[in-house]
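Please look over the sequence and the 3D structure below. The report that follows takes up charged pairs, sheets, the core and the disulfide.

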Amino acid sequence: QVQLVESGGGLVQPGGSLRLSCEASGFTFWLAAMSWYRQAPGKERELVAAIPAAVGSTNYADSVKGRFAISRDNAKNTVYLQMNSLKPEDTAVYYCNAARRVTGMDYWGKGTLVTVSS
């Protein structure tokens, strides 16, 4: 059974930091491209950051470049999102995604809420 379990969300003040984690199980983690998406109230889900399965470059939304960093630990089947210099507009539910294009694999976690507010 495939599971993607996000954690690390919460309430933080503007300028603060949070580290999200997504622990995966039920599939071959190191073969999957991993991504973080977010959905703010009343808005569509958007890609925040992505990291490939193999060696390759990470990708970021323009709105988070220089502030967020995605990383993965294949030994722990976990992907992380380090979020620094948080802004109120970063408030959203953050979702973890695992995908493998060649097989059509596309899994989602249930999300973790990040609220940036003073």
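How many salt bridges does a search of the whole structure find? The search finds 4 salt bridges. The model is a predicted one.

## Salt bridges

Start with Asp90 and Arg67. They form a salt bridge, and their closest N and O atoms are 2.7 Å apart. This pair links distant parts of the chain, 23 residues apart. Asp90 sits in the loop between strand S8 (78-83) and strand S9 (92-100). Arg67 sits in the loop between strand S6 (59-60) and strand S7 (68-73). Is Asp90 buried or exposed? Asp90 counts as buried because its relative accessibility is 0%, below the 20% cut-off. Arg67 is buried too, with a relative accessible area of 11%. Salt bridges with shared partners join Arg38, Glu46, Arg67 and Asp90 into one network.

Within that network, Glu46 forms a salt bridge with Arg38. The closest N and O atoms of Glu46 and Arg38 are 2.7 Å apart. Arg38 counts as buried, at 6% relative accessibility. Glu46 has 34% relative accessibility, so this residue counts as partly exposed. Another salt bridge brings together the side chains of Asp62 and Lys65, at 3.1 Å from N to O. Asp62 is exposed, and its relative accessible area is 66%.

## The open sheet

Which strands form the open sheet, and in what order? There are 4 strands, in the order S1-S3-S8-S7, with antiparallel pairing. Strand S1 (3-7) and S7 are the edge strands. Each of these edge strands pairs on one side only. From one strand to the next, the twist averages 15°.

S7 and S8 pair over 6 bridges, in the antiparallel sense. Asp73 stands opposite Thr78 in S8. As general background, strands of a sheet pair through backbone hydrogen bonds, either parallel or antiparallel.

## S4, S5 and S6

S4 and S5 also pair in the antiparallel sense, over 5 bridges. Tyr37 stands opposite Leu47 in S5. The two strands S4 and S5 form a hairpin, with 6 residues between them. Which residue in the turn has a positive phi? Gly42 does, at about 75°.

S5 pairs with S6 as well. These strands run antiparallel and are joined by 2 bridges. Ala50 stands opposite Asn59 in S6.

## The nonpolar core

The largest nonpolar core has 30 residues. Which residues have the most contacts inside it? They are Met34, Trp36, Val79, Leu81, Met83 and Tyr94. Several elements give two or more residues to this core. They are strand S3 (18-25), strand S4 (33-39), strand S5 (46-51), S7, S8, S9 and strand S11 (112-116). In soluble globular proteins, nonpolar side chains tend to be buried together.

Take Leu81 as an example of a core residue. Neighbours within four places in sequence are set aside here. Leu81 is then in contact with Leu18, Arg19, Leu20, Trp36, Val48, Ala49, Phe68, Ala69, Ile70 and Tyr94. Of these contacts, Trp36 and Tyr94 are also listed with the most contacts inside the core.

## The disulfide

The structure holds 1 disulfide. Cys22 is joined to Cys96, with an S to S distance of 2.1 Å. The link is left-handed, with -80° about the S-S bond. Which parts of the chain does the pair tie together? Cys22 lies in strand S3 and Cys96 in strand S9, so the disulfide ties together parts that are 74 residues apart in sequence. Both Cys22 and Cys96 are buried.

## Arg100

Strand S9 also contains Arg100. Arg100 is partly exposed, with a relative accessible area of 29%. Arg100 touches Leu31 and Met105, when residues up to four places away in sequence are not counted.

How far apart are Arg100 and Met34 in sequence and in space? They are 66 residues apart in sequence. In space they are 8.9 Å apart, C-alpha to C-alpha. Met34 is one of the residues with the most contacts inside the largest nonpolar core.

Methods. Residues are numbered from 1 along each chain as its sequence is written. This is a predicted model: local features need pLDDT of at least 70, side-chain atom pairs count only at pLDDT 80 or more; totals for chains, interfaces and linings use all residues. Side-chain values use heavy atoms; hydrogens and water are left out. Buried means under 20% relative accessible area, exposed over 50%, partly exposed in between (1.4 Å probe, protein chains only). Two strands pair if DSSP finds at least two bridges between them. Axes are lines fitted to C-alpha atoms, for helices over the stretch in contact, and angles run from 0 to 180 degrees between N-to-C directions. A nonpolar core is a set of buried Ala, Val, Leu, Ile, Met, Phe, Trp, Tyr and Cys residues joined through side-chain atoms within 4.5 Å. Contact means heavy atoms within 4.5 Å. A disulfide is a pair of cysteine sulfur atoms within 2.5 Å.
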